[in-house]
Amino acid sequence: MTKETTPQQPEVYSPQAIEPAWQQRWEAGKAFRVMKDPNRPKYYCLVMFPYPSGRIHMGHVRNYVIGDVVARYKSMRGLNVLHPMGWDAFGLPAENAAIERGVHPSKWTKENIATMRTQLKRMGLSYNWEREVATCDPDYYKWNQWFFLKMYERGLAYKKMSSVNWCPSCETVLANEQVIDGACWRCGSTVVQKELEQWFFKITAYAEELLSECDRLTGWPERVLTMQRNWIGKSIGVEVDFPLAGNSNKPIRIFTTRQDTLFGATFVTVAPEHPMVEEILRGKKEAAAVRKFVERIKKQDRTVRIAEDIEKEGTFTGAHAINPMTKERVPIWIGNFVLMEYGTGAIMCVPAHDQRDFEFAKKYGIPVRVVIQNPEGTLRSEDLSAAYVEEAGTLVDSGKFSGLIPREAQEKIAGFIESEKLGARRINYKLRDWGISRQRYWGTPIPIVYCKTCGTVPVPYDDLPVTLPQDVAFTGKGGSPLAADKNFLNVKCPKCKGSARRETDTMDTFVDSSWYFLRYLSPRLDSAPFDHQEADYWMPVDQYIGGIEHAVLHLLYARFFTKVIRDLGLVKINEPFTNLLTQGMVCMETYRCEEHGWLFPGEVIGSEKEGWRCPHCSRPVDRGRVEKMSKSKKNIVDPEQLIAKYGADTARLFSLFAAPPEKDLEWNDAGVEGASRFLNRVWRLVTNHATTKASTQVVRRHIDLDLPVSPQEAALRHMTHRTIKKVTEDLDRSFQFNTAIAALMEFYNTITEWEREGGPPGDHTAMDEALRTLVILLSPFAPHIAEELWKRLGHADSVFRQPWPKWNEGYLKTDEVTIVLQINGKLRSQILVPADLDEEGVRNRALADGKIMDWMKGQAPKKVIYVKGKLVNIVL
């Protein structure tokens, strides 16, 4: 009697075993090492490097996984891909940790780097760790100092007086983020503005080029370019002198872009910081009240002062100026909305034709005078309910310029002003020079010494780097710890060898991140900041990825540095980043209890089916607003816990599938579970078919696609090649990872349906080809499981050494139909799908459609109704 054998149980998918094994294999085999290769086209993929705060969060995961998919995909497309990682390691939190916990910034930072590096490696990211840099290393910041000296030689680094936040109690300068509601974050004392000598980089020397080059950055989001253009803020106009009444030798010079409205200027407003304030107040009874107002406004954040939603306030000085066009006396006000940083620090105010001026005039009872009449001729000063800001119409009550259209009048009035020596044409920029001085320890020391005999003396290049002393006291009081360290402070003058003192300011940390992408090219080079031949090959960065919060300063400073470095003859490029992707934030839905307020998903009890309740009072809670994940709000999802439970591939897949990369991603536990289920299904499907014989057949038949096939095999091959095309086009088209993954899910469904039906007897070539294709297409998104499944299919080499599959148009011919997409019965979008696509496939494509996702805003559908070949109605 024959003994019956028990069928072998399928192997369970265990990411906890698979993922570390493949990570070790990649590291041992130096899988991501890359070198310059002139015979291969390069691709430099770069994600903004992180500040080492201690642990990564899901925002990090999403950002870095996006970059990793791009890097792996481009490599499989045959490009020589550089994909480095490093640490933006200087910064205020490390110094705060030293003050609060007695931990040296260097120790705190390096421990955090070690922790975060381990976490990033657990995500399976394809970084070339041999190129790792940390900006707090002297080997790195030596070159910050080198660039500073080069700029100093060219007049691009200079020192001048500038306002800082000053805590009188702590006797120290505070960063903007250390000022909370106008008070010191440590002691609560009122913060005041204090004038100190500060170092600046002359970024304004490149203002016009920075602005004009925006037009050539066609691979950047228009939103970011608009923000850059607005920050640079080019204005073409005139400067005009308004003499002080009774003292014509002391004019107030104003700047305006609307000289056609000069005849309608009924008052002048100056900044509280304007140097003429005391001259204006001389002998005025209002002086004491005005000085009190000035001091109060000076304490306010300057960005808040000019915000559109902040109430504009001012005070009358008691003084008057003379409008040079009308010769009338106009009152001089001081307003919170005028800054010294823009124009001349003084403006003429035309309430009839500027909405801000109109609201201010109405608030304080200042006259309004119409000087541009609309085409209908209906404007009356006394009847205006809002300013007339259009340029359509003609000038009125404007002397010999009346009757001109505004554009013509602007040119003629500008000419008149110059001919009468009342002022001059000017081009102004909102962009101010970059103040790099920081009165802190944890940053790059500025390489300058001060000698009583020789004055300001740059540190010789051979003496770089000027390193940070390690044995310093962190008290948070009395200024920078460097100023109290006599061994650091007292030096010999490089010129006369006499006694001198070091500069104790350190550089803004934006300096570190303004050129790090160049240091990656040759991170161990000690004779130059980078190898120019490496730069000639690798630069510019082909794809840069990071948050929208860096749309202005970091990107602008990196562009500025690149142009300076170009002018030093070290690079040949004008711009550092060809393409830019700004990924959305990771957010979480909140719940609200009437008694206990806002709660996060991890805090509520119950279930989706039974309803969620407050953990404190057990009352039902309502769904509330969506909040950005942040440590301060305590709504962080720890990636370590996610990896321990589901594996890194699941975390990666969810972060890519839940939303398009440029949109905000709303955290959803059900979505994580869904990603995990999909990977488990793919595992079972492939491992059940993984035999050496089948793999060999695939190779033979895949080479010759013209062999005759059965109708069933042709149908599967059609789906295989359609999926290759869909995924490839989605990755090439703005990295639409979510729709690419949806296509892989459809492909999986087709394969399993084909499997259930048995396929053509005795021939599984199309099935084998489909499985190979599924694993390769999945690999950039979920690299660990793809490597393991590729091995199970009988391949000794890495799946990432395979060329990206190409589709055959001959297999793609099929009828397509248009499916109408509705939400709650209302038309919201439509998609084109193959006529033979099954219901689940149509549903997946509908839910992945960009317009539908925007309308759904992260809500889970209650029901999805499909009318075959016609429509999908999503019920919310």
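**Contacts, sheet and salt bridges in the predicted model**

H554 touches M48, F510, S513, Y516 and Y544, leaving aside residues up to four places away in sequence. The structure described here is a predicted model. H554 has its place in helix α17, and with a relative accessible area of 5% this residue counts as buried because the cut-off for burial is under 20%.

A second buried residue, S106, is found in helix α4, which covers residues 105-122. The relative accessible area of S106 is 12%, a value under 20%, so the residue is classed as buried. Residues up to four places away in sequence again being left out, S106 touches W442 and Q470. S106 and W442 are 336 residues apart in sequence, whereas their C-alpha atoms are 8.4 Å apart in space.

An open sheet of four strands has the order β4-β3-β7-β17, and the pairing is antiparallel. The edge strands of this sheet are β4 and β17 (434-435), each of which pairs on one side only. Strand β3 (residues 157-167) is joined to strand β7 (residues 192-201) by ten bridges, the two strands running antiparallel. Within this pairing, K159 has W199 in β7 as its bridge partner. Strand β3 is also joined to strand β4 (residues 172-174), here by three bridges and again in the antiparallel sense. The bridge partner of W166 in β4 is V173. Strands β3 and β4 form a hairpin with four residues between them. In the turn of this hairpin, E171 has a positive phi of about 55 degrees. On the other side of the sheet order, β7 and β17 pair in the antiparallel sense over two bridges. F200 has G435 in β17 as its bridge partner.

Helix α5 packs on the sheet, where it touches β3 and β7. The direction of α5 makes about 85 degrees with that of β7. Helix α5 comprises 16 residues (residues 138-153). At 1.5 Å a residue, taken over one less than the number of residues, the helix should span 22 Å, and its end C-alpha atoms are 22 Å apart, so the expected and modelled spans agree. The buried residues of α5 are Y140, Y141, K142, W143, N144, Q145, W146, F147, F148, L149 and M151. Just after α5, G155 takes a positive phi of about 75 degrees.

The count of salt bridges in the model comes to 48. One of them is formed by the side chains of R356 and D357, at 3.4 Å from N to O. The two partners fall in separate classes of accessibility: R356 is partly exposed at 32%, while D357 is buried at 3%.

Another salt bridge is formed by the side chains of K572 and D536, with an N to O distance of 3.7 Å. K572 lies in the loop between α17 (553-567) and β25 (577-583), and D536 lies in helix α16 (residues 532-538), so this pair ties together parts that are 36 residues apart in sequence. K572 has a relative accessible area of 69%; this is over 50%, so K572 is classed as exposed. D536 is partly exposed, with a relative accessibility of 38%.

E746 forms a salt bridge with R845, and the closest N and O atoms of this pair are 2.9 Å apart. E746 lies in helix α23 (residues 737-756) and R845 in helix α26 (residues 839-848), so the pair ties together parts that are 99 residues apart in sequence. E746 is buried at 2% relative accessibility, and R845 is buried with a relative accessible area of 17%. Salt bridges also link residues into a network, which consists of E209, R559, K563, R566, D567 and E575.

How values were computed: Residues numbered from 1 in each chain as written. Predicted model: local features only at pLDDT ≥ 70, side-chain atom pairs only at ≥ 80, totals over all residues. Heavy atoms only, no water. Buried < 20%, exposed > 50% of the residue type's maximum accessible area, 1.4 Å probe, protein only. Contact = heavy atoms within 4.5 Å. Pairing = 2+ DSSP bridges. Salt bridge = Lys/Arg side-chain N within 4 Å of Asp/Glu carboxyl O. Axes fitted to C-alpha atoms, helices over the stretch in contact; angles between N-to-C directions.
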